[in-house]
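Me: I'm new to reading protein structures, and I'd like a close look at one part of this one. Could you walk me through a single strand and what surrounds it?

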Amino acid sequence: FQFKPTSGSFESNPPFDDATISKMVLHMESLLKGAKGPMSFAIIIPFLPDQVGWTRVQASRYSRGHLLVPQGEHGYFEGSQHDRITRFRVAPFDTSVFFLQNDS
């Protein structure tokens with residue numbers, strides 16, 4: 001949370017716990033409010049609309065869009081891909097991609 005840019009576009013795939021996601025959104029909202037130019041964030045988290053963190057991102061005044069990616073239509077490389085037979089792993093859940101953006 002020491003990252004303090006004044007403009008630009010960024011991606012975040014935080015740990016999937018409510019406290020971290022909520023703290024991240026507060027930090028992003030502060031950055032967006034004080035930005036000197038255009039600023040946006042793409043946030044990738046599990047689709048869990050009953051969770052506080054997900055709801056906090058969705059309700060942000062800077063939220064400009066949400067993309068729902070179904071579980072069977074995407075995957076990722078996990079950190080231990082060098083120890084696995086296959087590098088790619090199918091995501092075990094639906095994923096939300098949120099876009100937070102200022103008005104610049």
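Reply: Happy to! Let's begin with a salt bridge: the side chains of Arg-64 and Asp-103 meet, with N and O 2.8 Å apart. This pair ties together distant parts of the chain, since Arg-64 sits in strand β3 and Asp-103 in the segment after β6, 39 residues apart. Please keep in mind that this is a predicted model. Arg-64 counts as partly exposed because its relative accessibility is 38%. Asp-103, at 73% relative accessibility, counts as exposed.

That salt bridge brings us to β6, the strand I'd like to look at closely. Is β6 enclosed or open? Five of its seven residues are buried, so β6 is largely enclosed by the rest of the structure.

Now for its partners. Strand β3, residues 63–69, runs antiparallel to β6, and six bridges join the two. To find one of these places yourself, look for Ser-63, whose bridge partner in β6 is Leu-100. Strand β2 also runs antiparallel to β6, and here seven bridges make the connection. On this side you can look for Ile-44, which stands opposite Val-97 in β6. As a general point, side chains in a regular strand alternate between the two faces of the sheet.

Next, the nonpolar core. The largest one has 16 residues, and those with the most contacts inside it are Phe-41, Ile-43, Ile-45, Val-57 and Leu-100. Leu-100 is already familiar as the bridge partner of Ser-63. Which elements give two or more residues to this core? They are α1 (18–34), β2 (39–46), α2 (52–58) and our strand β6 (95–101). The largest share, six residues, comes from α1.

Phe-41 is a good residue to click on here. Leaving out residues up to four places away in sequence, Phe-41 touches Phe-10, Met-28, Leu-31, Leu-32, Phe-98, Phe-99 and Leu-100.

Let's move to the start of β6, which spans residues 95–101. The side chain of Thr-95 makes a polar contact with the side chain of His-74, at 2.6 Å. His-74 has its place in the loop between β3 and β4 (75–77). Thr-95 is one of several residues that His-74 touches; again leaving out residues up to four places away in sequence, the others are Val-69, Phe-88, Val-90, Ala-91, Phe-93 and Asp-94.

Phe-93 gives us a link to another loop. Asp-50 and Phe-93 are 43 residues apart in sequence, and their C-alpha atoms are 14 Å apart in space. Asp-50 lies in the loop between β2 and α2. With a relative accessible area of 64%, Asp-50 is exposed, because the cut-off for exposed is over 50%.

Finally, back to salt bridges: how many are there by this rule? The count comes to two. Besides the pair we began with, Arg-56 forms one with Glu-29, and their closest N and O atoms are 2.5 Å apart. This pair, too, links distant parts of the chain, with Arg-56 in helix α2 and Glu-29 in helix α1, 27 residues apart. Arg-56 is partly exposed, with a relative accessible area of 25%, whereas Glu-29 counts as buried at 13% relative accessibility.

To retrace the route, find β6 first, then follow its bridges to β2 and to β3, and end at the contact between Thr-95 and His-74.

Notes:
Residues numbered from 1 in each chain as written. Predicted model: local features only at pLDDT ≥ 70, side-chain atom pairs only at ≥ 80, totals over all residues. Heavy atoms only, no water. Core = buried A, V, L, I, M, F, W, Y, C linked by side-chain atoms within 4.5 Å. Buried < 20%, exposed > 50% of the residue type's maximum accessible area, 1.4 Å probe, protein only. Helix = DSSP H or I, 4+ residues; strand = E, 2+ residues; numbered from the N terminus. Contact = heavy atoms within 4.5 Å. Pairing = 2+ DSSP bridges. Polar contact = N/O pair within 3.5 Å; in protein donor to acceptor, adjacent residues only side chain to side chain. Salt bridge = Lys/Arg side-chain N within 4 Å of Asp/Glu carboxyl O.
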